[in-house]
Amino acid sequence: MSGPLELGRVPELGTLPETMLAVVIRPDREGDPATAMRVEEVPVPPCGPNDVLVLVMAAGVNFNGVWAARGKPVSVFKMHQDPFHIAGSDASGIVWKVGSSVRRWKVGDEVVVHCNQSCGECPECNGLDPLACPEQKIWGYETNWGSFAQLTRVQSQQLLPKPRNLSWQEAASYGLTYFTAYRMLVHQAKVSAGDWVLVWGAAGGLGIFAVQLCKVLGAHAVGVVSSEEKGELVMRLGARGYLNRKDYPGLCYAAPETPERERERLIETRRFGQAIRDLSGGKDVDVVFEHVGRETFPASVLLAKRFGKIVICGATSGYKLDFDVRHLWMRQKQILGSHFCNAFQAERANQLVLEGAIRPVVDQVFPLHGTPAAHALMAANHHTGKMVIDVQAGAAAEKAPGRGAGLDLDGEQPVLM
Ligand code: NAP
């Protein structure tokens, strides 16, 4: 078959075209996602011995698509050799072709994809953690052939069973952020029952899962949000309380900072800390869940209790951090870096979705050509929870009512906004 597949239709199993439609970023148009990303016809990627080609039913939108479009702080074209980039680090889909060495999966399997790639051969992969592999990369960000395309190429170890209780769109929405939150809270911060956890951006992609995980772990999440509607969502997901950061306008760090402004910010941070204690019955937080970076990090370090932990995986507001280190050492706090997760952790976390203990929160679903607009919304912080791109799923919903249509036939209802 020479031309691309018909968009939104599932062809006969195994039909492999030579070209496909994909949302493409090119070096000469890096910048605003609305203009950097365009639908183009490109070749279907080759499939190596340990690879799998997946027919993408739906693809999740993540902040790394914004970074890839902007080409900042790092251009993706420094990370791989292809002259174009297909972003997308979350997918649900159907196994369409398997490489000659693949044993665990077969054509026709319904899957979701975790986004960590590694060599699989080095001592780190085989004894320490694939995240420590010298060749470790995030698929669809540091590698090409991500999920905003009709077909995507992944390593077979990236596949996980698709939860049957979720539509294609819901299944595509959670992997990257949920699995990241799982490693941050379960493995890095080792949150335990009774802990109090401050969750920045609690209604965002990471936050919705951090809040739910705290509940599963028996810990108490206090969410930080920027609207009352988001606060209500966070409460529905199981938070013990929330704070609207708009009520604390002096909380954020902004450079350059005069001594007077620093004093004001500290006073505001202490007022914020008192509001947390009002919610927790007087307790400071054991763990701060960080991903905002420059603007919130000084507050995070101050707000963690003595011997508390700040676990961080990102820096939306800037990655050069400026904070008073005395607040760290005098009270013996720890800063823990965290980055996505390994396949074992993803499998464990996926099991909680299969059991209905963790639920996706799908905000909006876009067609493939809406991918740039979805990323522009994310860049402007005009979304809640997760956004999803419907690639081939439309036809599947017609063929199998109740799957791909957002319905849950036999499990707990996912949260649809
Ligand atoms: P998201 O869906 O945009 O959610 C982030 C939330 O943070 C927003 O909903 C917003 O909530 C809050 N926020 C934004 N700017 C803020 C500020 N200046 N001060 C306080 N809160 C602010 O993004 P996400 O998917 O959760 O990802 C967040 C960051 O983590 C991104 O930078 C992403 O690249 C990174 N990340 C890293 C990994 C990894 O493996 N290393 C994995 C996932 C994500 P309110 O406006 O409601 O407060």
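A residue counts as buried when its relative accessible area is under 20%, and as exposed when that value is over 50%. The exercises below apply this to a predicted model.

**Exercise 1. Decide whether Trp145 is buried or exposed, and describe its backbone.**

Step 1. Place the residue: Trp145 belongs to the loop between strand E8 (137-138) and strand E9 (151-155).

Step 2. Compare its value with the cut-off: the relative accessibility of Trp145 is 9%, so this residue counts as buried.

Step 3. Look at the backbone: Trp145 has a positive phi of about 65 degrees, although it is not a glycine. As background, most residues other than glycine have a negative phi.

**Exercise 2. Find where Phe340 lies, and state what its phi is.**

Step 1. Phe340 is located in the loop between strand E16 (334-337) and helix H11 (343-354).

Step 2. The phi of Phe340 is positive, at about 35 degrees, and Phe340 is not a glycine either.

Step 3. With a relative accessible area of 3%, Phe340 is buried.

**Exercise 3. Describe the overall build of the protein chain, beginning with its helices and strands.**

Step 1. Count the elements: the secondary structure of the protein chain comes to 13 helices and 19 strands.

Step 2. Compare the radius of gyration with the globule rule: the chain has a value of 21 Å, close to the 22 Å that the rule gives for 417 residues, so the chain is as compact as a globular protein of that length.

Step 3. Add the extents and the burial: the C-alpha trace spans about 65 × 50 × 40 Å along its principal axes, and buried residues make up 58% of the 417 residues.

**Exercise 4. Work out which residues are closest to the ligand, and which polar atoms face it at short distances.**

Step 1. The ligand is surrounded by 24 residues, of which the closest are Ser226, Arg245, Glu295, Cys313 and His383.

Step 2. Take the side chains: an N or O atom in the side chain of Arg245 is 2.7 Å from an oxygen atom of the ligand, while a polar side-chain atom of His383 lies 2.8 Å from an oxygen atom of the ligand.

Step 3. Take the backbone: a polar backbone atom of Cys313 is 2.8 Å from a nitrogen atom of the ligand.

Step 4. Consider the cover: on its own the ligand has 920 Å² of accessible area, and the protein covers 92% of this.

**Exercise 5. Locate the cis peptide bonds that precede Pro73 and Pro256.**

Step 1. Recall the background that most peptide bonds are trans.

Step 2. Lys72 and Pro73 are joined by a cis peptide bond with omega at about 0 degrees, and Pro73 sits in the loop between helix H2 (63-70) and strand E4 (85-86).

Step 3. From Ala255 to Pro256 the peptide bond is also cis, with omega near -5 degrees, and Pro256 occurs in the loop between strand E13 (241-244) and helix H8 (259-280).

Step 4. Return to helix H2, whose buried residues are Asn64, Gly65, Val66, Ala68 and Ala69; this helix is followed by Gly71, which has a positive phi near 70 degrees.

**Exercise 6. Determine how far Val199 is from Val287, both in sequence and in space.**

Step 1. Val199 is part of strand E11 (residues 196-199), and at 0% relative accessibility it counts as buried.

Step 2. Val199 and Val287 are 88 residues apart in sequence, and their C-alpha atoms are 8.7 Å apart in space.

Step 3. A further pair is Val191 and Gly218, 27 residues apart in sequence and 8.9 Å apart from C-alpha to C-alpha; Val191 lies in the loop between helix H5 (175-188) and E11 and counts as buried at 9% relative accessibility.

**Exercise 7. Contrast Ser173 with Trp329: which is buried and which is exposed?**

Step 1. Ser173, in the loop between helix H4 (168-171) and H5, is buried with a relative accessible area of 0%, and a polar atom of its side chain lies 2.7 Å from the backbone oxygen of Glu170.

Step 2. Trp329, in helix H10 (residues 326-329), counts as exposed because its relative accessibility is 52%.

Step 3. Trp329 also forms a nonpolar patch on the surface with Val325 and Met330, and together these residues have about 340 Å² of accessible area.

Key
Residues are numbered from 1 along each chain as its sequence is written. This is a predicted model: local features need pLDDT of at least 70, side-chain atom pairs count only at pLDDT 80 or more; totals for chains, interfaces and linings use all residues. Side-chain values use heavy atoms; hydrogens and water are left out. Patches are made of residues with over 30% relative accessible area and no salt bridge: like charges are joined within 9 Å, nonpolar side chains (Val, Leu, Ile, Met, Phe, Trp, Tyr) within 5 Å. Accessible areas come from the Shrake-Rupley method with a 1.4 Å probe; for residues, only the protein chains shown count as cover. A salt bridge is a side-chain nitrogen of Lys or Arg within 4 Å of a carboxyl oxygen of Asp or Glu. Helices (H or I, at least four residues) and strands (E, at least two) are DSSP runs, numbered from the N terminus. Buried means under 20% relative accessible area, exposed over 50%, partly exposed in between (1.4 Å probe, protein chains only). A residue is near a molecule or strand if one of its heavy atoms lies within 4 Å of it. A polar contact is a pair of N or O atoms within 3.5 Å; within protein, one must be able to donate a hydrogen and the other to accept it, and residues adjacent in sequence count only if both atoms are side-chain atoms. The radius of gyration is taken over C-alpha atoms; the globule rule is 2.2 Å times the number of residues to the power 0.38.
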